[in-house]
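Student: Could you take me through one part of this model in close detail? I'd like to see how the pieces around it connect.

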Amino acid sequence: LWERVRPLLPRHAPSPRGGRPRADDQACFEAIVFMLRNGLRWRDLPGHFPSPATVWRRHAAWTGDRVWEQVWRVVL
């Protein structure tokens with residue numbers, strides 16, 4: 001599933017100013033799918049995923065970029 005979805009996600013270049021590394025897109029995608037499939041609240045994501053706030057922000061960004069519409073078409 002990830003191999004089919006990865007090309008649809010926007011690329012993100014590291015900040016030239018440094019800072020904390022960006023959370024892995026695959027880990028965030030897996031957390032979003034886990035949350036949606038299990039009907040969880042963001043704050044109830046298990047600890048092996050990135051932080052719930054990070055996952056929520058990534059979901060909001062991808063939704064705003066209409067990535068999820070494309071993902072659903074590919075997955076279905």
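Tutor: Let's start with Pro-10: setting aside neighbours within four places in sequence, Pro-10 is in contact with Asp-25, Trp-62, Asp-65 and Val-67. Keep in mind that this is a predicted model. Pro-10 sits in the loop between α1 and α2, and at 33% relative accessibility it counts as partly exposed. One of those contacts reaches a long way along the chain: Pro-10 and Trp-62 are 52 residues apart in sequence, yet their C-alpha atoms are 8.2 Å apart in space.

Two of the Pro-10 partners, Asp-25 and Trp-62, turn up again where two helices meet. Helix α2 covers residues 25-38, and it packs with α3 at an angle of about 90°, the axes being 9 Å apart. That angle falls in the window of 65 to 115 degrees, so α2 is roughly perpendicular to α3. On the α2 side the contact is made by Asp-25, Cys-28, Phe-29, Ala-31 and Ile-32, and on the α3 side by Thr-54, Val-55, Arg-58, His-59 and Trp-62. By residue type, the contact of α2 with α3 divides into 6 nonpolar, 2 polar and 2 charged.

Thr-54 is worth a stop here. Thr-54 belongs to helix α3, which spans residues 52-64. Is Thr-54 buried or exposed? Its relative accessible area is 19%, and the cut-off for buried is under 20%, so Thr-54 counts as buried. The side chain of Thr-54 also makes a polar contact with the side chain of Ser-51, at 2.8 Å. Not counting residues up to four places away in sequence, Thr-54 touches Ala-23 and Cys-28, and Cys-28 is among the α2 residues of the helix contact.

Now back to Trp-62, this time for its ring. A search of the whole structure turns up 5 aromatic pairs. One of them is Trp-62 with Trp-68, an edge-to-face pair with 6.3 Å centre to centre and 65° between the planes. Both partners are buried: Trp-62 has a relative accessible area of 2%, and Trp-68 comes in at 7%. Trp-68 also faces Trp-72, with ring centres 6.1 Å apart and planes at 35°, so that pair is tilted. Trp-68 and Trp-72 are 4 residues apart in helix α4 (residues 67-75), so about one helical turn separates them. Unlike the buried Trp-68, Trp-72 is partly exposed, at 46% relative accessibility.

Which residues form the aromatic cluster? Trp-2, Phe-29, Trp-62, Trp-68 and Trp-72 make up one cluster. Two of these names, Phe-29 and Trp-62, also appear in the contact between α2 and α3.

Phe-29 leads on to the start of the chain. Leu-1 lies in the segment before α1 (2-5). Leaving aside neighbours within four places in sequence, Leu-1 is in contact with Phe-29 and Val-75. Leu-1 is nevertheless exposed, with a relative accessible area of 55%. Leu-1 and Ala-13 are 12 residues apart in sequence, with 24 Å between their C-alpha atoms.

One last backbone detail concerns the link from α3 to α4. Arg-66 is located in the loop between those two helices, and Arg-66 has a positive phi of about 65° although it is not a glycine.

Notes: Residues numbered from 1 in each chain as written. Predicted model: local features only at pLDDT ≥ 70, side-chain atom pairs only at ≥ 80, totals over all residues. Heavy atoms only, no water. Buried < 20%, exposed > 50% of the residue type's maximum accessible area, 1.4 Å probe, protein only. Polar contact = N/O pair within 3.5 Å; in protein donor to acceptor, adjacent residues only side chain to side chain. Contact = heavy atoms within 4.5 Å. Axes fitted to C-alpha atoms, helices over the stretch in contact; angles between N-to-C directions. Parallel < 35°, antiparallel > 145°, perpendicular 65-115°, else oblique. Nonpolar A, V, L, I, M, F, W, Y, C, P; charged D, E, K, R; others polar. Phe/Tyr/Trp six-rings, centres within 6.5 Å; stacked < 30°, edge-to-face > 60°.
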